[in-house]
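Here's a quick tour of one small model, written for someone who'd rather poke at the atoms than read a summary. Have the viewer open and follow along.

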Amino acid sequence: NSGQALALALSQKGVQLSIVDITESTALETLRLVQIEYRKLGYPNNLRAIFIKCDVSNPGKNFTLKCS
């Protein structure tokens, strides 16, 4: 998807990311791929990307934060 492609392109430049999505499995896969790109840049085990489970169509809804 286009969001994942953008996240991967930015991670290849070393940009720290917040991945926001309602679908946890998709976002966690993107987060996994981003971490692979960070390791290629020499950032092993650094907190450089986070996943925020959030329904952006409903701003009043609670969200869950997961770090990787």
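Of the 68 residues in this chain, 28% are buried. Keep in mind that what you're looking at is a predicted model. The chain exposes about 4500 Å², and carbon and sulfur atoms account for 53% of that area.

The fold is quick to read off: there are two helices and three strands, and going from the N terminus they come in the order α-β-α-β-β. How much of the contact map is long-range? If you keep the contacts with a separation of 6 or more, 52% of them join residues 24 or more positions apart.

**The core**

In soluble globular proteins, nonpolar side chains tend to be buried together. Here, the largest nonpolar core has ten residues: A7, L8, L17, I19, A27, L31, V34, Y38, A49 and F51. Four elements each put two or more residues into this core, namely α1 (2-11), β1 (17-21), α2 (24-40) and β2 (49-53). Which of them gives the most? That's α2, with four residues.

Two core members are handy for seeing how the pieces meet. Start with L17: skipping residues up to four places away in sequence, L17 touches A7, L10, S11, V34, Y38, R48, A49 and I50.

Then go to I19, which sits in strand β1. Is I19 buried or exposed? Its relative accessible area is 10%, and buried means under 20%, so I19 counts as buried. Setting aside neighbours within four places in sequence, I19 is in contact with A27, T30, L31, V34, I50, F51 and I52.

**Residues with some exposure**

Not everything around here is hidden. L10 lies in helix α1, and L10 is partly exposed because its relative accessibility of 31% falls between the 20% and 50% cut-offs. Beyond four places in sequence, L10 touches V15 and L17, so the L10 to L17 contact turns up from either end of the pair.

V20, like I19, belongs to strand β1. With a relative accessible area of 40%, V20 is partly exposed, whereas I19 is buried.

For a feel of how the chain folds back on itself, here are three pairs with their sequence and C-alpha separations.

| Pair | Apart in sequence | C-alpha to C-alpha |
|---|---|---|
| I19 and F51 | 32 residues | 4.7 Å |
| L10 and V34 | 24 residues | 8.8 Å |
| V20 and I50 | 30 residues | 8.5 Å |

I19 and F51 are worth a second look: both are in the core, they are in contact, and their C-alpha atoms are 4.7 Å apart.

**The largest pocket**

If you're hunting for open space, the largest pocket holds about 190 Å³. What lines it? There are 14 lining residues, and those nearest the centre are G3, Q4, A7, I19 and T30. Three elements, α1, β1 and α2, each supply at least two residues of the lining. By class, the lining is made up of seven nonpolar, six polar and one charged residues.

The pocket and the core also share residues: A7 and I19 are members of the core, and both are listed among the lining residues nearest the pocket centre. T30, another residue from that list, is one of the contacts of I19.

Note on methods
Residues are numbered from 1 along each chain as its sequence is written. This is a predicted model: local features need pLDDT of at least 70, side-chain atom pairs count only at pLDDT 80 or more; totals for chains, interfaces and linings use all residues. Side-chain values use heavy atoms; hydrogens and water are left out. A nonpolar core is a set of buried Ala, Val, Leu, Ile, Met, Phe, Trp, Tyr and Cys residues joined through side-chain atoms within 4.5 Å. Buried means under 20% relative accessible area, exposed over 50%, partly exposed in between (1.4 Å probe, protein chains only). Contact means heavy atoms within 4.5 Å. On a 1 Å grid over the protein atoms alone, a cavity is a set of points where a 1.4 Å probe fits but cannot get out, and a pocket is an open set with protein on both sides within 12 Å along at least five of seven lines; lining residues have an atom within 4 Å of a point. Grid points are joined across faces, edges and corners, and a volume is the space filled by probe spheres set on the points. Ala, Val, Leu, Ile, Met, Phe, Trp, Tyr, Cys and Pro count as nonpolar, Asp, Glu, Lys and Arg as charged, and the others, Gly among them, as polar. Accessible areas come from the Shrake-Rupley method with a 1.4 Å probe; for residues, only the protein chains shown count as cover.
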